[in-house]
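Welcome! Here are some exercises to work through with the structure beside you, each followed by a worked solution.

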Amino acid sequence: MRYFSLILLSFFLFSCQENTQIEQSENMEDTMDDLSIYQLPSEWNTQDGQTIEFKDLKGKPLVVVMIYTACRTACPRLVADMRMIEERVSSKKMRDIQYVMVSIDPINDTPEKLKQFAKDNQMEGPEWLFLQGTEDGVRDFANIMAVKYKQINPIDFSHSNIISVFDRRGVMKYQKEGLGLVGEEIVNKIVAVAKN
Amino acid sequence: MRKLILLMAGFFLISNASAQTIQMALIEGGNYTPLYGVGEQSETSVGDFYLDKLPVTYADFQEFVRKHPKWQKSNVTKLFADSRYLSNWENDLKAPANLMDKPITMVSWFAAKAYCECQGKRLPTVDEWEYAAMASTSKRDARSDSLYNVSILRSYEQPKTYMKTVGNSESNYWGVQDMHGMVWEWTQDFNSIILTGESRNNGNTDAGLFCAAGAIGAKDMMNYAAFMRFAMRSSLKANFSLTTLGFRCAKDAGPQNQLTFK
């Protein structure tokens with residue numbers, strides 16, 4: 001019992017300190033912008049079953065939205081907005097932009113579901129990335145983007161419809177709220193970010 | 001015999017280690033109707049959990065930042081805390097001497113969350129916090145007690161309650177103190193509070209801003225004090241560090257969590 005408690009004790013201490021050390025060594029490696037989302041320690045599964053962290057996306061401008069695949073109301077419109085943005089941006093010969101759809105429902109949105117969703121919405125190119133996180137990782141990420149969400153029954157979530165643009169260093173540069181408002185503004189912002 | 005002594009010593013060690021749990025109150029779960037219900041089902045069930053009897057103080061937080069340099073004010077990652085984070089501290093290691101027994105404020109959600117995790121705890125959910133906070137000194141649910149509600153509202157009218165010393169108010173039914181009349185408190189899922197009428201983008205309808213916005217409406221409009229708390233939560237962002245916003249930690253009360261190790 002005593003040994004067991006000691007083992008548990010050391011585990012607790014370790015898990016808390018370990019975190020600190022890892023992040024400190026990362027900070028020494030390269031000077032990261034203090035507002036960069038690459039500092040998030042969470043891991044994510046992609047629609048292709050790979051495990052990544054945000055820092056693996058370093059160097060690419062990101063256009064990010066939070067959705068869940070069972071959504072029947074706003075998300076199809078958000079997805080349509082994302083497709084329209086992608087079309088307009090790529091028509092300006094901006095090609096290395098990563099469009100990221102982060103699921104707010106990590107329990108149900110498995111990589112397989114995300115893959116199917118990508119297929120159903122003709123978002124199968126390499127520019128589209130779908131992410132499944134942990135509940136904790138998703139909440140942290142939503143809080144970085146000031147996205148609000150609440151599970152209202154086993155299937156549905158209420159959530160803010162916000163598209164966020166991050167520059168190549170992972171710093172948020174622009175946010176667009178609301179649906180069906182794809183104007184020149186967000187397209188121009190993405191192009192400006194991609195040129196830097 | 002020797003084994004027995006060892007065993008006794010072991011238990012003693014554990015009971016010492018669980019001193020931290022003594023600082024927490026066991027809240028027996030139950031059903032309650034949150035101010036902002038979830039669709040058709042209005043009742044939410046809250047499981048048993050432990051809640052810190054007192055808000056985290058400056059002294060507690062000073063100990064934490066001394067152990068975890070990355071949460072000191074000059075080291076903190078700006079992604080996780082705005083410029084007001086611990087801005088009233090004399091330096092990285094020293095909180096203002098006169099505030100040691102006051103509730104820590106000017107801490108971001110990320111910092112509060114990290115503090116609790118390093119104690120083997122977590123932030124309480126909105127439901128847990130509200131559930132524990134609806135208890136008066138004698139009742140588990142005193143929300144229908146108009147005197148109780150008035151006393152909470154009165155406390156919201158007082159200025160500078162964040163300068164009060166923790167632990168001087170009466171314990172509620174569960175043995176928890178200072179949930180009202182001191183500071184607002186961070187909750188784990190504060191970002192689940194979506195108020196209709198909140199519009200960060202003037203001219204847009206909420207239906208456009210939020211998926212399934214129609215499902216969200218207040219259940220108990222009489223509870224004005226709770227309405228103020230929810231409005232405050234909905235206005236927060238996780239990097240905010242405000243003078244009037246502190247926190248306390250919680251913990252699951254499953255059998256596996258009966259013992260605390262620090």
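**Exercise 1: a loop residue**

A:Ile104 lies in the loop of chain A between strand S4 (98-103) and helix H3 (111-120). Keep in mind that this is a predicted model. Work out whether A:Ile104 counts as buried or exposed.

Solution.
- Start with the count: A:Ile104 has 24 C-beta neighbours inside 10 Å.
- A residue is buried if 20 or more other C-beta atoms lie within 10 Å of its own, so A:Ile104 counts as buried.
- Next, look at its contacts beyond four places in sequence, which include A:Met66, A:Tyr68, A:Phe157 and A:His159.
- Finally, find A:Gln132: it is 28 residues from A:Ile104 in sequence, with 8.1 Å between their C-alpha atoms.

**Exercise 2: two helices**

Find how helix H2 (residues 75-90) and helix H5 (residues 184-195) of chain A are oriented to each other, and which residues make the contact.

Solution.
- The axes are 10 Å apart, and the helices pack at an angle of about 55°.
- H2(A) and H5(A) are therefore oblique to each other.
- The crossing of H2(A) past H5(A) is right-handed.
- H2(A) contributes A:Ile85, A:Arg88 and A:Val89, while H5(A) brings A:Ile186, A:Val187, A:Ile190 and A:Val191.
- By type, the residues of this contact are 6 nonpolar, no polar and 1 charged.

**Exercise 3: a sheet in chain B**

Trace the open sheet of 3 strands in chain B and name its edge strands.

Solution.
- The order is S1-S4-S8, with antiparallel pairing.
- Strand S1 (24-27) and strand S8 (250-252) of chain B each pair on one side only, so they are the edge strands.
- S1(B) is joined to strand S4 (residues 49-52) of chain B by 4 bridges.
- Across this pair, B:Ala25 stands opposite B:Leu51.

Notes
Residues numbered from 1 in each chain as written. Chains lettered and ligands numbered in written order. Predicted model: local features only at pLDDT ≥ 70, side-chain atom pairs only at ≥ 80, totals over all residues. Axes fitted to C-alpha atoms, helices over the stretch in contact; angles between N-to-C directions. Parallel < 35°, antiparallel > 145°, perpendicular 65-115°, else oblique. Left-handed = near helix turned anticlockwise from the far one by under 90°. Contact = placed C-beta atoms within 7 Å. Nonpolar A, V, L, I, M, F, W, Y, C, P; charged D, E, K, R; others polar. Buried ≥ 20, exposed ≤ 12 C-beta atoms within 10 Å, placed from the backbone. Pairing = 2+ DSSP bridges.
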